[in-house]
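User: I should like to learn how to read the features of a structural model, one at a time. Could we begin with the annotated positions and work outward to the fold?

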Amino acid sequence: MISVSKYHGTGNDFIVVDAAIPVPDRRAFAIEHCDRETGINHPDTESNGADGVLFLALEDQYSPPRVVMTLVQPDGSVAEMCGNGARCAAAWAARKTDADELMVDTQAGTRRAIIEDETVRVEMGHTTFLPDKVPLARESPLVEEDVEGLTVTAVNTGVPHAVAFVDDVNSVDLERVGPLVRNASVFPSGANVTLASARSDRDTTPLDSDSDAVAVFDQRTFERGVEGETDSCGTGAVAIAAVADRQGFLPDEGPITVCPPGGDLEVSLSAGVATLSGPVVRECSTDLSVADPRRIS
Ligand SMILES: N[C@H](CCC[C@H](N)C(=O)O)C(=O)O
C-alpha cells in the first residue's frame, strides 16, 4: 500500500502520488484506481474513482520550488498538459513547501503558478491553431467546420481541443457526439471535445450593448483519456477563450468566466498567452494498493 491524496479543481478530480514513492506500473495503477465503479473511494461520499493520477516530483531545492507533473489518465495514457491538474499540483507542492509561487513542469512546458488562499492561478502558455501543433491531419487550420455534425474550431492549449460554440451546451448529446469527434481522422492524436455557449443571465462585467462581446460562457468537455465527460477541464476553458478571441467576441479587457458543471474558472488572454484561475480542494488522503512489480505487463 502507498499513501496518496485526492484533490479536485472545480470537480476535475485527481489521485496525487508523490513520485518519490515507487509505483512500478503507473498505467496499471491509474486504470485500477481511477475506475468510477471500483476505484479509490472517498471516505465521506459515495463517489469512486478519479479523472486521473498526478505523479508529482517535488524539487524544493529551487526558488521558486518546482514540481514535475505526469498525468496518467483512466485509460492509462499520459496527457501532455492538464490545466486543473497543474493547479492541483501547485496546491500540493505549496502545502509541502509553504511557497505561494511554484513552477510546474509539464510535457507541454513549464507553467508558473501562484497560490492566493484557496485559489490557484496557472500561466497556461501560448494557444495555437497551427495544424501541425494541434495536431491536425491537414495543412490548414480547422476553423468553424463540420466534424461529425458539430461545427468546431481546433486549438491546442497544451492538449488538443475541438471547440464548438452552440446555443445551449445542455442541448447537445455529448455522450454520443463526443467520441465521434474525439476519434475523427482529422485529429491524428485525438482531441478533447469542448462545448461552449454564451451565458446571458449572469451579473458580470457590464458589456457595451453595441458590442457582441461575451464575458461568461458555459462549458462541457468530453475528455480524451477519460473517454467521457468530466465536471471541469482547464485546458478546455482556455480553449473556449482562445476560440472566442479568434472569432472576435471577447471583451477588450479583463478576464472571462467559464462555467463547467463543477464550478467557475477565470481565464485571461493576453497576446495569445493564457492564465487559468480557480479554486482547488484537497479532499482526503488514503492508502492504495500497488501491483506486484513482477507482474508488470
Ligand atoms: N482535464 C484536463 C485536461 C486533461 C487532458 C486530457 N484529457 C487529454 O488531452 O488527453 C484539464 O483540466 O485541462
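**Reading the annotated positions**

Analyst: The UniProt record, an unreviewed entry, places the feature "binding site" at Asn12, Gln73, Gly83, Asn84, Asn192, Glu223, Arg224, Gly234 and Thr235. The model itself is predicted, and the annotations in such a record may be inferred rather than shown by experiment.

User: Which residues come nearest to the ligand in the model?

Analyst: The shell around the ligand holds 16 residues, of which Gly83, Asn84, Val159, Gly234 and Thr235 come nearest. Gly83, Asn84, Gly234 and Thr235 also appear among the positions that the UniProt record gives for "binding site".

User: Which helices each supply at least two residues of that shell?

Analyst: Helix α2 and helix α4 (234-247) each do so. Helix α2 gives the most, with three residues. By residue class, the shell divides into five nonpolar, nine polar and two charged residues.

User: Why does the ligand lie between the domains?

Analyst: One asks which domains give residues to the shell. Domain 1 (2-118 + 280-295) and domain 2 (126-277) both do, so the ligand lies between them.

**Reading the domains**

User: How far apart do the C-alpha centres of domain 1 and domain 2 lie?

Analyst: The C-alpha centres of domain 1 and domain 2 are 24 Å apart. To their contact, domain 1 brings 18 residues and domain 2 brings 19 residues. On the side of domain 1 that touches domain 2, the largest share is three residues, and it comes from helix α2 (residues 83-97). That side is made up of five nonpolar, nine polar and four charged residues. Helix α2 is thus a point to note twice: it has the largest share of that side of domain 1, and it gives the most to the shell around the ligand.

**Reading single residues**

User: Is Asn12 buried or exposed?

Analyst: The idea is to count the C-beta atoms around a residue; 20 or more within 10 Å make it buried. Asn12, found in strand β2 (residues 12-18), has 31 other C-beta atoms within 10 Å and is therefore buried. Beyond its neighbours within four places in sequence, Asn12 is in contact with Asp51, Asn84, Thr230, Asp231, Ser232, Cys233 and Gly262.

User: Where does Asn84 lie, and with which residues is Asn84 in contact, leaving aside its neighbours within four places in sequence?

Analyst: Asn84 lies in helix α2. Its contacts, with those sequence neighbours left aside, are Gly9, Thr10, Asn12, Ser232, Cys233 and Gly234. Asn84 is also buried, because 35 other C-beta atoms lie within 10 Å. Asn12 and Asn84 are thus in contact, and the UniProt record lists both under "binding site".

**Reading the backbone**

User: Which residue other than glycine has a phi near 45 degrees?

Analyst: The sign of phi is inspected, and positive values outside glycine are noted. Thr10 has a phi near 45 degrees; Thr10 sits in the loop between β1 (2-9) and β2. With 26 C-beta neighbours inside 10 Å, Thr10 counts as buried. Glu227 also has a positive phi, of about 55 degrees, although it is not a glycine. Glu227 lies in the loop between β13 (216-223) and β14 (228-230), and its 16 other C-beta atoms within 10 Å make it partly exposed.

User: Which residues does a cis peptide bond join?

Analyst: Here one reads omega. A cis peptide bond joins Ser63 and Pro64, with omega about -5 degrees, and Pro64 is placed in the loop between β3 (53-59) and β4 (66-72). Another cis peptide bond joins Val134 and Pro135, with omega about -5 degrees; Pro135 lies in the loop between β8 (119-126) and β9 (145-147).

**Reading the whole chain**

User: How many helices and strands has the chain?

Analyst: The chain has four helices and 18 strands. Its radius of gyration is 19 Å, close to the 19 Å that the globule rule gives for 297 residues, so the chain is as compact as a globular protein of that length. The C-alpha atoms fill a box of roughly 60 × 40 × 40 Å along the principal axes. Of the 297 residues, 45% count as buried. Among contacts between residues at least 6 apart in sequence, 64% join residues at least 24 apart.

Note on methods
Residues numbered from 1 in each chain as written. Predicted model: local features only at pLDDT ≥ 70, side-chain atom pairs only at ≥ 80, totals over all residues. Domains from an automatic or database assignment. Contact = placed C-beta atoms within 7 Å. Nonpolar A, V, L, I, M, F, W, Y, C, P; charged D, E, K, R; others polar. Near = placed C-beta within 6 Å. Buried ≥ 20, exposed ≤ 12 C-beta atoms within 10 Å, placed from the backbone. Rg over C-alpha atoms; globule rule 2.2 N^0.38 Å.
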